[in-house]
Amino acid sequence: MSDLFIRKASELDVFFLFHLRNHSMAREQSHNTNEISYSEHDKWFKKTISDNSTQIFIAQEEDALVGMVRFDIINGINLMSWAVCPEFQGKGFGKEMVFMASKTVNSLISAEIKQNNYASIKIAEDLGMDLVKTVGKTL
């Protein structure tokens, strides 16, 4: 078992989240696949970190930043998204951090996952999520 833990994101995580968001592997699985500027990210992050309808968790193992899990509350449903740093992918960290984060919410969780994102689909299935519908390139 790893020493993975999650914590709420803070202002100090802005650079980590910027780099994780702009990594080519993360962008490939995002709704918006374009690279974003730091100023655009910083503006979004400052707004989001103070928004009660959004929670961002950072997954860490000791001092290493492993990934992030985000919940956007929309109509009482927690829309969950996550990203794992490339160097930690394929080692079970994604499943572990998503499971930990899911335990912090007390209402329905949903996720939109692209059809070719097999690792995230597996994580969602292991978490007990069901496929509701397929729209375009996302689940």
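**A five-strand sheet and its packing**

Visitor: What makes up the sheet in this predicted model?
Guide: Five strands form an open sheet in the order β1-β2-β3-β4-β5. The pairing is mixed.

Visitor: What makes β1 and β5 edge strands?
Guide: Each pairs on one side only. β5 covers residues 109-110.

Visitor: How do you know that β3 and β4 pair, and in which sense?
Guide: Pairing needs at least two bridges. β3 and β4 have eight, in the antiparallel sense, so they count as paired. I73 stands opposite N78 in β4, and F71 stands opposite M80. The two strands form a hairpin with two residues between them. In that turn, N75 has a positive phi of about 55°.

Visitor: How do you know that β4 and β5 pair?
Guide: The cut-off is at least two bridges. β4 and β5 have two, so they meet it. Their sense is parallel. The bridge partner of L79 in β5 is S110. With α4, these strands make a right-handed β-α-β unit.

Visitor: Where does α1 pack?
Guide: On the sheet, where α1 touches β2, β3 and β4. Its direction makes about 85° with that of β3.

Visitor: Why is α1 called mostly covered?
Guide: Buried means under 20% relative accessible area. Seven of the nine residues of α1 are buried, so the helix is called mostly covered. Among them are F16, L17, F18 and R21.

Visitor: Why is D13 called buried?
Guide: Its relative accessibility is 3%. The limit is under 20%, so D13 counts as buried. D13 lies in the loop between β1 (4-8) and α1 (14-22). Beyond residues up to four places away in sequence, D13 touches R7, K8, F45 and I58.

Visitor: Which residues have the most contacts inside the largest nonpolar core?
Guide: V69, W82 and M97, in a core of 32 residues. Elements giving two or more residues to this core include α1, β3, β4 and α4. Leaving aside neighbours within four places in sequence, the contacts of M97 include L4, I6, V69 and W82.

Visitor: Which element has the lowest mean pLDDT, and which the highest?
Guide: Helix α2 (residues 24-29) has the lowest, at 67. β1 has the highest, at 97. The mean for the protein is 87, and 88% of its residues reach 70 or more.

Visitor: Why does a low pLDDT matter?
Guide: Where pLDDT is low, the predicted coordinates should not be read in detail.

Note on methods: Residues numbered from 1 in each chain as written. Predicted model: local features only at pLDDT ≥ 70, side-chain atom pairs only at ≥ 80, totals over all residues. Heavy atoms only, no water. Helix = DSSP H or I, 4+ residues; strand = E, 2+ residues; numbered from the N terminus. Buried < 20%, exposed > 50% of the residue type's maximum accessible area, 1.4 Å probe, protein only. Contact = heavy atoms within 4.5 Å. pLDDT = per-residue confidence, 0-100. Core = buried A, V, L, I, M, F, W, Y, C linked by side-chain atoms within 4.5 Å. Axes fitted to C-alpha atoms, helices over the stretch in contact; angles between N-to-C directions. Right-handed = clockwise from strand over helix to strand, strands pointing away.
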